[in-house]
Amino acid sequence: RSIYSRSAEDVRTMAAFVGSLGQRFNNRIAFVASDDLPFGLARMGSVGSEELGIESKVFRAFDEARKWLLP
């Protein structure tokens, strides 16, 4: 929910932080955003994390994200 108040630069910074922790979660992360604005910002963050070697994907629902993370 806090993504509504985050700037694009904040989102990139968060992605860089997540990227620094990548090995702790097998270099995979799922972003969940049900509304359009946070979804788009999460996609931007996803691109940033992929540049750091983190496989990422954005979902609209937690169940979908969980299925992708835990095959």
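The paragraphs below go through a predicted model, beginning with a pair of strands and the helix between them and then turning to the salt bridges.

Strand E1, which covers residues 28-32, and strand E2, which covers residues 55-59, run parallel and are joined by five bridges. One of the pairings can be followed at the level of residues, since Ala 30 has Lys 57 as its bridge partner in E2. Together with helix H2, which spans residues 36-51, the two strands make a β-α-β unit that is right-handed.

Within this unit, Ser 46 offers a useful place to look at how the helix meets the strands. Ser 46 belongs to helix H2, and its relative accessible area of 7% makes it buried, because that value falls under the 20% limit. When neighbours within four places in sequence are left aside, the residues in contact with Ser 46 are Phe 31, Ser 56, Lys 57 and Val 58. With one of these, Ser 56, the contact is also polar, the two side chains meeting at 2.6 Å.

The salt bridges come next. Side chains of opposite charge can pair when their charged atoms come close. In this model the count comes to three salt bridges. In one of them, the side chains of Arg 28 and Glu 55 meet at 3.5 Å, N to O. Because Arg 28 lies in strand E1 and Glu 55 in strand E2, this pair ties together parts that are 27 residues apart in sequence. Arg 28 counts as partly exposed, at 21% relative accessibility, and Glu 55 likewise counts as partly exposed, at 41%.

Another salt bridge links Arg 60 to Asp 36, with the closest N and O atoms 3.2 Å apart. Arg 60 is found in the loop between E2 and helix H3 (62-69), whereas Asp 36 is in helix H2, so here too the pair ties together parts separated in sequence, in this case by 24 residues. Arg 60 is partly exposed, its relative accessible area being 35%, while Asp 36 counts as exposed at 59% relative accessibility.

The remaining pair to consider is set within a helix: the side chains of Asp 63 and Arg 66 meet in a salt bridge at 3.8 Å, N to O. Both residues lie in helix H3, three residues apart, which is about one turn of the helix. Asp 63 counts as exposed, because its relative accessibility of 53% is over the 50% limit.

Conventions. Residues numbered from 1 in each chain as written. Predicted model: local features only at pLDDT ≥ 70, side-chain atom pairs only at ≥ 80, totals over all residues. Heavy atoms only, no water. Pairing = 2+ DSSP bridges. Helix = DSSP H or I, 4+ residues; strand = E, 2+ residues; numbered from the N terminus. Right-handed = clockwise from strand over helix to strand, strands pointing away. Buried < 20%, exposed > 50% of the residue type's maximum accessible area, 1.4 Å probe, protein only. Polar contact = N/O pair within 3.5 Å; in protein donor to acceptor, adjacent residues only side chain to side chain. Contact = heavy atoms within 4.5 Å. Salt bridge = Lys/Arg side-chain N within 4 Å of Asp/Glu carboxyl O.
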